[in-house]
Amino acid sequence: MSSGHDRELLRHHGDVDAGPGLLDFAVNVRLDRPPTWLRDRLAAALDRLGRYPSAADDLAARTAAAARHGRDADEVLLLAGAAEGFALLPSLRPRLAALVHPSFTEPELALRTAGVEVARVQLNPRDGYRLDAAAVPEQADLVVLGNPTNPTSVLHPAAEIRKLLRPGRVVVVDEAFADTVPGEPESLAGFGEPGLLVLRSLTKMWGLPGLRAGYALGDPGLLAELARNRPHWPVNTLVLEAVAACCEPAALAESEQAAAQLQEHRAALAGALAGIPGVRVNSPARAPFLLLEVPDGERVRAGLRERGVAVRRGDTFPGLGADHLRVAVRDPETNALLVKAVRDVVERG
Ligand SMILES: Cc1ncc(COP(=O)(O)O)c(C=O)c1O
């Protein structure tokens, strides 16, 4: 790690930008608590905390996740959130990791902390930060990217990602937001290709950041290597219950409906924000947030805060600067408050 300051920036996340009493456009979690049916499932599982997480519960959760993606249960590794998947990447003993940026910074932080050499692949703002597989160094034996990508909201074509696959290389696709895209057209979760590791999260769709629930999909040998240094019982009983519950057909239908609704709300918000002189919205946007470029970003962010609105600063993402802001897509009424506040701050100069 080059400096403590650098590390601090990589560790910065939207939860720090949000604050008590502020209207939160900084954190990209869909709900402020899990839905009632899911809370009930978790509450019913509390009685099982009196015993260690069982192999049967682990298998039930893996079987549910596998069925969801058309995989086998031994191609699923349950995780304490996608974030744990990043923390485990050094176990693969990569020599050179290519991190596609701008993107979520935890993978880079985990790899650099473990002393892995990292190459940053900066996507080009002029083409809206689209993936160019040819820009990834040939010698990288680990490549990490997000799809759809935080913070650009870009959904990369699955075919372009698959171009990254090579013998001797692991390609990690962070699909923490994939379930927010209707039909998941570019997801690689169902592809059992050697060297492909897909990370999924329950956090965003189900309002579960406090639970820490996710899973990895990949070749069983690769998953075993990834899990090599984990403690025994790495995932708790409530996480096992949540994964099983959220992969059931009723949950999938609810999630698909939420994704379709999000798509409408996002289009309206993007249009309204892009109509404010000086505000640029990175597009096409396919995630539950928008990347904005505004004039005098620091002043805009401070002005929004004064008006009770929290947005995610953009300058901690490699390749972005102070004029970049990320905003979550909320319901139309809440979005209207953001649009009004941005217009007010930007137009006052
Ligand atoms: C792109 C991306 N991937 C992964 C994560 C972490 O997900 P989890 O809560 O499952 O660890 C986040 C959380 O902010 C994220 O934005």
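## Helix α13 and its surroundings

In this predicted model, the face of α13 turned away from its buried side carries four exposed residues: Pro-332, Glu-333, Glu-347 and Arg-348. Turn the helix around and you find its buried residues, namely Asn-335, Leu-338, Ala-341, Val-342, Val-345 and Val-346. Looking down the axis of α13, these buried residues fall within an arc of 125°, so they line one face of the helix. That fits a general pattern: an α-helix has 3.6 residues a turn, so residues three or four places apart point the same way.

What sits over that buried side? The cover of α13's buried residues includes the strands β1 (23–25), β11 (309–313) and β12 (324–328), along with the helices α11 (249–274) and α12 (297–306). Just past the end of α13 comes Gly-349, with a positive phi near 70°.

Here's how α13 and α11 look as helices, going from first C-alpha to last:

| Helix | Residues | Reach | Expected at 1.5 Å a residue |
|---|---|---|---|
| α13 | 17 residues | 24 Å | 24 Å |
| α11 | 26 residues | 37 Å | 38 Å |

As for α11, its buried residues are Ala-251, Ala-259, Leu-262, Arg-266, Leu-269, Ala-270 and Leu-273. Among the elements covering them are α10 (237–246), β9 (280–281), β10 (289–293) and α13.

Now for the ligand. How many residues surround the ligand? There are 13, and the closest are Gly-81, Ala-83, Ala-176, Ser-201 and Thr-203. Sorted by class, the shell around the ligand has 7 polar, 5 nonpolar and 1 charged residues.

Key
Residues are numbered from 1 along each chain as its sequence is written. This is a predicted model: local features need pLDDT of at least 70, side-chain atom pairs count only at pLDDT 80 or more; totals for chains, interfaces and linings use all residues. Helices (H or I, at least four residues) and strands (E, at least two) are DSSP runs, numbered from the N terminus. The expected span of a helix is 1.5 Å times one less than its number of residues. A residue is buried if 20 or more other C-beta atoms lie within 10 Å of its own, exposed if 12 or fewer, and partly exposed in between; C-beta atoms are placed from the backbone. The arc is that of the directions from the helix axis to the C-beta atoms. Two residues are in contact if their C-beta atoms, placed from the backbone, lie within 7 Å. A residue is near a molecule or strand if its C-beta atom, placed from the backbone, lies within 6 Å of it. Ala, Val, Leu, Ile, Met, Phe, Trp, Tyr, Cys and Pro count as nonpolar, Asp, Glu, Lys and Arg as charged, and the others, Gly among them, as polar.
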